[in-house]
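Open the model in your viewer and keep the sequence panel at hand. We will go from stop to stop, selecting a few residues each time.

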Amino acid sequence: GGPLAAAPSPVTPSPSHLLAPRIRKPYVITKARESWSNQDHERFLEALRLHERDWRLIEAHVGTKNAKQIRSHARKHFLKVGRMGTGEHVPPARPKRRAMKPYPRNAVSESPMTAAARDEGTAAADQRIPESATPPPSQLMSHDFGFANTAPQTSYAN
């Protein structure tokens, strides 16, 4: 190398404390796990019927658990009710918030029927295929999308 060639940079050894494996903090249980008594659960069910999913009101009604514990208990309870199929009351989930700035929709994703309805007004809107007449996505076949020579759909339901 000439006078403009870069000199090799010296490698500085790392201090040994940076290379040592990290020691994990010991797992410490700060308070005992609290189980739900039958009375707590009965008050929870009563509050669920009265207040739907208003966790703060349910917390006040139950009295012995905080809102986080109640949400956790409710999540497990709803799963159990769904699994057992007992038909118990499960309040509907709160509606999702709409985005303040939704992603712009592409004109390509617009169906011909909605484009016609937009362009021609209500006359075309009255001719749209009702949603109930279209099969759910799980029942659509590959030929519905213009693909050929595909194996039939198999069901994996129990």
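The tour below starts with the whole chain and then moves through selected helices and loops.

**Stop 1: the whole chain**

Show everything as a cartoon. This is a predicted model. The protein has 6 helices and 0 strands. Read from the N terminus, its elements run α-α-α-α-α-α. Now colour by accessibility. Of the 158 residues in the protein, 13% are buried. Contacts across the sequence come next. Take the contacts between residues at least 6 apart in sequence: 41% of them join residues at least 24 apart.

**Stop 2: Asp40 in H2**

Select residues 38–51. This is helix H2, and Asp40 lies in it. Show the side chain of Asp40. Is Asp40 buried or exposed? Its relative accessible area is 7%, so Asp40 counts as buried, the cut-off being under 20%. Add the side chain of Arg43. A polar contact of 2.6 Å joins it to the side chain of Asp40. Then select what Asp40 touches beyond four places in sequence: Ser35, Val62, Thr64 and Lys65. Remember Lys65, as it has its own stop later.

**Stop 3: H2 against H3**

Add residues 55–62, which form helix H3. The axes of H2 and H3 come within 9 Å of each other. They cross at roughly 140°. That angle makes H2 oblique to H3. The crossing is right-handed.

Which residues meet here? From H2, select Asp40, Arg43, Phe44, Glu46, Ala47, Leu48, Leu50 and His51. From H3, select Trp55, Leu57, Ile58, His61 and Val62. Colour the selection by class. The contact of H2 with H3 divides into 8 nonpolar, 2 polar and 3 charged residues.

Stay on Glu46 for a moment. Glu46 sits in helix H2. With a relative accessible area of 37%, Glu46 is partly exposed. Measure from its C-alpha to that of His61. The two residues are 15 apart in sequence and 8.6 Å apart in space.

**Stop 4: the loop between H2 and H3**

Select Glu52. It lies in the loop that links H2 and H3. Check its backbone angles. Phi of Glu52 is near 55°, a positive value in a residue other than glycine. Now look at its surface. Glu52 has a relative accessible area of 31%, so it is partly exposed.

**Stop 5: H3 against H4**

Keep H3 and add residues 67–84, which make up helix H4. The axes of H3 and H4 lie 9 Å apart, at an angle of about 100°. The two helices are therefore roughly perpendicular to each other.

Select the contact from both sides. H3 brings Trp55, Arg56, Ile58, Glu59 and Val62. H4 brings Ala67, Ile70, Arg71, Ala74 and Phe78. The classes in the contact of H3 with H4 are 7 nonpolar, no polar and 3 charged.

**Stop 6: H2 against H4**

Hide H3 and bring H2 back. How do H2 and H4 pack, and at what angle? Their axes are 12 Å apart and the angle is about 85°. That makes H2 roughly perpendicular to H4.

Select His41, Phe44, Leu45 and Leu48 on the H2 side. On the H4 side, select Ile70, His73, Ala74, His77 and Phe78. The contact of H2 with H4 has 6 nonpolar and 3 polar residues, and no charged ones.

**Stop 7: Lys65**

Show H3 again and select Lys65. Where is it? Lys65 is in the loop between H3 and H4. Its relative accessible area is 5%, so Lys65 is buried.

Now expand the selection to its contacts, leaving out neighbours within four places in sequence. Lys65 is in contact with Glu34, Ser35, Trp36, Asp40, Glu59 and Ile70. Asp40 from Stop 2 is on that list.

Take Glu34 first. The side chains of Lys65 and Glu34 make a polar contact of 3.4 Å. Between their C-alpha atoms the distance is 9.3 Å, and they are 31 residues apart in sequence. Then take Ser35. Its backbone oxygen lies 3.4 Å from a polar atom of the Lys65 side chain.

Notes. Residues are numbered from 1 along each chain as its sequence is written. This is a predicted model: local features need pLDDT of at least 70, side-chain atom pairs count only at pLDDT 80 or more; totals for chains, interfaces and linings use all residues. Side-chain values use heavy atoms; hydrogens and water are left out. Helices (H or I, at least four residues) and strands (E, at least two) are DSSP runs, numbered from the N terminus. Buried means under 20% relative accessible area, exposed over 50%, partly exposed in between (1.4 Å probe, protein chains only). A polar contact is a pair of N or O atoms within 3.5 Å; within protein, one must be able to donate a hydrogen and the other to accept it, and residues adjacent in sequence count only if both atoms are side-chain atoms. Contact means heavy atoms within 4.5 Å. Axes are lines fitted to C-alpha atoms, for helices over the stretch in contact, and angles run from 0 to 180 degrees between N-to-C directions. Angles under 35 degrees count as roughly parallel, over 145 as roughly antiparallel, 65 to 115 as roughly perpendicular and the rest as oblique. A crossing is left-handed if the near helix is turned anticlockwise from the far one by less than a right angle, and right-handed if clockwise. Ala, Val, Leu, Ile, Met, Phe, Trp, Tyr, Cys and Pro count as nonpolar, Asp, Glu, Lys and Arg as charged, and the others, Gly among them, as polar.
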